[in-house]
Amino acid sequence: MAKEKGQTKLNFLKGIANENPLFVSILGTCPALATTKSVEAAIGMGLLFTIVLVCSNILVSLLRKLIPEEIRTPAYIVIIATFVTIVKMFTNAFLPELYSTLGVFISLIVVNCIVLGRAEAYASKNKVFDSFIDALGMGVGYTLALILMAFFRELLGTGAFSFGKIFTFIPYFKLQIIPVGYEISLFQNPAGAFIVFALILAVIQFIKNRKAELKAYNERQEKIRKAQEAKLAAQNKEGGN
Amino acid sequence: MNTFIAFLLAIISSMLIDNVVLSRFYGICPFLGVSKKVNSSLGMGVAVVFVIILATVICWPLYNYVLVPAGIAFMDTVAYILVIASLVQLVGLFIKKYSPSLYKTLGIYLPLITTNCAVLGVAQSNTDQGLNFVESLANGIGTSVGFLLIIVVFSCIRVRLESANTPKAFKGLPIALITAAIMAIAFMGLQGLFSGLN
Amino acid sequence: MSKTGYLILAISILVALVIIFIVSFVLYRRTPVPKGCEDIKMNDEKCSSCGHSECSFYKGSSEEK
């Protein structure tokens, strides 16, 4: 039982770190660049995305024995599009500011490679609960990635964090961090989105390279040590004789 | 004559000023994934142009003459994705059956077009903004040709990047994204292109 | 035409779209790959020694220097 619990945790965490859909698999880049002007919009996008991903993964997993192998992809596309429509209508009704901020990108969740990819790669082969955890992990991982990008873009681009504009049920407040007049508005522009994304990927690649180098170095050291030990042993043997 | 000029201006503006990849962020995945070789990005771009124009021509009447009168305008996303996906499959089927040479160049990219944000994005934004048919067509043509232009230009740059001596951490995608950022800045310069006309 | 008529028309078009999609999808998968395109995959033996940088399987200098 304990082992199974550990498995579930791993299954959840892999979407956040090792298999992060945005930063490791480089999927779903369009909304990541377009909806990260402010942290609030990023949270909203991530939330809607996670809801669609979780719902479609659960339904796909439930129907995995009913859908014939050959028409899998069409069936999944219809399922995902239906959930996106439902989410879109709810957003329009209850969070109209979020709806108008994200605009077309709510509909574009349909063609987000992550949703279809998860349905085909995971939910079509696994049990409902596992698929649910997998989708939740991926959704949270994607949301965190969006928030990270929006954090830098909003901080550098406007010099402040403002909340309450999109989620109108919380009171509006603004947290000025960089003095007015010193912000770099380029980061609010499309170009800034590309730069932030590039720098984050570069940092990740740097860390990966470091790890690989360290591993190679350790292996080399280990080899040398073993060779020396073997030499020493041989010498001792000779001495003994 | 005036409408024709307006049509051309609309095409150019959605192609250059509001470029699909660099300012509207549709179709980043193929932009980054396919564009390593000039030939393959040209093939992908042409296929996207074809599908986007066809999808625009089908989706606009479908929305305005069928979904709206029936009172189920909220089903637009489902209808569009069905139109696009069947279009891609039909075109693929046709090519596979009758033109092996075309299949050789485009075959691997066709399934990717269904999940290209640009196609659904154009169809959706056309009706969300309430454009009329001619404007939608101009938007479709402009967007798709803009995509073709940018993906080919970008692949030409990336061929050079491959042999450039970039820092190790920036090899591959990061430097490509930095290049895209510089291109986006360059395209920002086109924003005032039509301001004198109005 | 009445609203109900439009509704029936719209729903039948949507259903027709789903059917077209599924039929074309299945047909696409069942159509044999044309001659000469059977293996559009990388051939390690042939590709490693080829320096044609326009080929879509050319690895170039990005792999290893």
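Colleague: Is A:Ile114 buried or exposed?
Modeller: In this predicted model, the count to look at is C-beta neighbours: 20 or more others within 10 Å of a residue's own is buried, 12 or fewer exposed, and in between partly exposed, with C-beta atoms placed from the backbone. A:Ile114 has 23 other C-beta atoms within 10 Å, so A:Ile114 is buried.

Colleague: Which residues does A:Ile114 touch, leaving out those up to four places away in sequence?
Modeller: Contact means C-beta atoms, placed from the backbone, within 7 Å. A:Leu53 is 61 residues away in sequence but 8.3 Å away in space, C-alpha to C-alpha. The full list is A:Pro21, A:Leu27, A:Gly28, A:Leu53, A:Met138 and A:Tyr142.

Colleague: What radius of gyration does chain B have?
Modeller: The globule rule, over C-alpha atoms, is 2.2 Å times the number of residues to the power 0.38. For 198 residues that puts a compact globule near 16 Å, and chain B agrees, with 18 Å.

Colleague: How many residues of chain C are in contact with chain B?
Modeller: On the chain B side, 32 residues take part. Chain C brings 27.

Colleague: And how many of those on the chain C side are nonpolar?
Modeller: Nonpolar covers Ala, Val, Leu, Ile, Met, Phe, Trp, Tyr, Cys and Pro; Asp, Glu, Lys and Arg are charged, and the others, Gly among them, polar. Eight are polar and three charged, and the nonpolar ones number 16.

Residues are numbered from 1 along each chain as written, with chains lettered from A and ligands numbered from 1 in written order. Local features need pLDDT of at least 70 and side-chain atom pairs 80 or more, while totals for chains, interfaces and linings use all residues.

Technical notes:
Two residues are in contact if their C-beta atoms, placed from the backbone, lie within 7 Å.
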